[in-house]
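Please open the model in a viewer and keep the sequence panel visible. The tour below proceeds by selection, from the whole chain to single residues.

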Amino acid sequence: MGVPEQLADRMSMAEQHEYLRSRFSRRTMIRGGAVTLGAVVGGAFVPGATAQAAVPTRSTAPAAHKVDGRLVAPFGRHLAYGNDPRTEMTVSWQVPVAVDKPFIRVGAHPWDLSHRISAEVRTLHTPAGVGASADHTQYYVHAKLAGLKPGRTYYYGVGHAGFDPAEPHLLGTLGTFTTAPAHKAPFTFTAFGDQGVSYHGLANDALILGQNPAFHLHAGDIAYADPAGAGKTADTGFDARTWDQFLAQTESVAKSVPWMVSYGNHDMEAWYSPNGYGGEEARFTLPDNGPDKKHLPGVYSFVHGNTAVISLDPNDVSFEIPANLGISGGTQTTWFEGRLKKYRAAEDIDFVVVFFHHCAYCTSTAHASEGGVRQEWVPLFEKYQVDLVINGHNHQYERTDVIKGNTVTKKLPIGGTAYPETEGVVYVTAGAAGRSLYAFTAPDSYEGHEHEVDSVASFVNTKDGKVDETVAWSRVRYLNYSFLRVDVTPAPRGRYTTLTVQGIAETGDRIDHFTVARRAK
């Protein structure tokens, strides 16, 4: 991306951003006039509400030339819950060129799309020399909807001047979404990390759509526009156009299923902002209830039914890839503990699921385990009895036994049940969503092909470098493409409510299943 390797090794993400801006802004931008990065402010579903620009940094881009809107079709639709999934949803999409007056139509029926709401455009310009492509401008459009009814399915269409989805010949472009229920009810969600753009990514998406999930969790390393993922601007392979391909690939699922992302090391892109997340803020609108939107836009939480979900940013605590190490100054961990206290005290919440990128426990030969996560967050997982931790980063499927105090408290065979209130935490690495696979030091062991071993050689990344360890907690290992399916089944007060977790291979075969159970409140 333009910083010499010997400099990038010593620079934080913020320092690399400043270097790139000073190098390219004058040379590339001043020629021929420019416009500043900003937002075309739109409305929400509540009259009088307005959307805010999500990218706080300023950039410049060549003046946009608008074409006839009739010739431009939106693509890359993706949904995200707002702070309250029962009443809020954001619909996002992309257009390949600048358009006038983008909007969304929403209604309870495909023939009744009477609510027309203006949308917000976030323009993202990547100049030649910042990575592999020539000058490239991307136009991301967002419409925040509020005041929705819980548990209701809505129809929507996105458009702009000249392209109205309510026109009869464009009704085929409509999509749907369903808000979270007001009360406890059974539901399914899916999860994985490390997808990128590939046949395998597309195949996993097709299988996920068939699970009919209420929402999907993407545990970091989303599109791989930055293929190196070291948080260094010396990566000349960076190509912002990869995002166009990724959003087109995932649209089959994300246009109807909230695609809730967490940020990984490949999602830090130094050109756009000091924290590396300016590009992500242009592409996604996530809940804004985290501790520090300026530094950590990918940290947030939401509640669906009886389950609270928390997204964390492990780049803030990573010893392995320290480009953003310490960026929150400890505020993320403080906020996280506050969320855990709140959710554990809430009468209507039974389960707490946490997802993020770097692994607390994994035996991959590539990244293995992150000592920063173990140091900062594992004690909180155990103190507040987190029910399930989902990670990516390592491109394989691995599931642990029940762990507490860095030791196995209970072996959890395939088909077994864990009780987090008394036993400990189960960790799943689901990083085989589409990118090239890694390796294990021990043989695969999965449903129908079990190969139990007493110990596995691995390592953990610490502030002093890699430290070898021999572990006994690696229960299931599968080295091929896969994802997670989680079925949530509420129960009457005092009885056991369950999370039924399944590892599903790209072939459709089940490679793992286990249950997490706790007494319902």
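Of the contacts in the protein chain with a separation of 6 or more, 73% join residues 24 or more positions apart; contact denotes heavy atoms within 4.5 Å. The model is predicted: local features need pLDDT of at least 70, side-chain atom pairs count only at pLDDT 80 or more, and totals for chains, interfaces and linings use all residues. Residues are numbered from 1 along each chain as its sequence is written, and side-chain values use heavy atoms, with hydrogens and water left out.

**Whole chain.** Colour the chain by pLDDT, the predictor's confidence in each residue, from 0 to 100. The average is 90, and 89% of the residues score at least 70. Select residues 26-61 next: the pLDDT there is below 50, and the stretch has 81 contacts in the model beyond near neighbours in sequence. In cartoon view, the chain shows eight helices and 29 strands; these are DSSP runs numbered from the N terminus, with helices being H or I of at least four residues and strands E of at least two. Of the 521 residues, 60% count as buried, where buried means under 20% relative accessible area, exposed over 50% and partly exposed in between (1.4 Å probe, protein chains only).

**Helix α6.** Select residues 331-345. At 1.5 Å a residue, times one less than the number of residues, the 15 residues of α6 should span 21 Å, and the end C-alpha atoms are indeed 21 Å apart. Show the side chains of Gln332, Thr333, Trp335, Phe336, Arg339, Leu340, Tyr343 and Arg344, which are buried. Viewed down the helix axis, the buried residues fall within an arc of 165°, so they line one face of α6; the arc is that of the directions from the axis to the C-beta atoms. Thr334 and Ala345, on the other side, are exposed. Add the packing partners of the buried residues: β14 (300-304), β15 (307-311), β16 (351-355), α7 (371-376), α8 (378-383) and β29 (510-519).

**Nonpolar cores.** A nonpolar core is a set of buried Ala, Val, Leu, Ile, Met, Phe, Trp, Tyr and Cys residues joined through side-chain atoms within 4.5 Å. Which residues have the most contacts inside the largest core? They are Ile104 and Leu217, in a core of 95 residues. At least three residues of this core come from each of domain 1 (70-181) and domain 2 (183-520), with bounds taken from an automatic or database domain assignment. A second, separate core has 32 residues, among them Val299, Phe356, Phe381 and Val425. Centre on Leu217: beyond its neighbours within four places in sequence, its contacts include Phe189, Met260, Phe302 and Ile390.

**Two buried residues.** Move to Val488 in strand β27 (residues 482-489). Val488 is buried, at a relative accessible area of 1%. Ten residues along the sequence, Thr498 lies 6.0 Å from Val488, C-alpha to C-alpha. Next select Thr250 in helix α4 (residues 242-254). Thr250 is buried at 2% relative accessible area, and outside its neighbours within four places in sequence it is in contact with Gln195, Asp205 and Trp259.

**Two loop residues.** Most residues other than glycine have a negative phi. Lys101, in the loop between β4 (89-95) and β5 (103-107), has a positive phi near 50° and is exposed at 66% relative accessibility. Finish at Asn212, in the loop between α3 (199-210) and β12 (215-219): its phi is positive, about 55°, and its relative accessible area of 64% makes it exposed.
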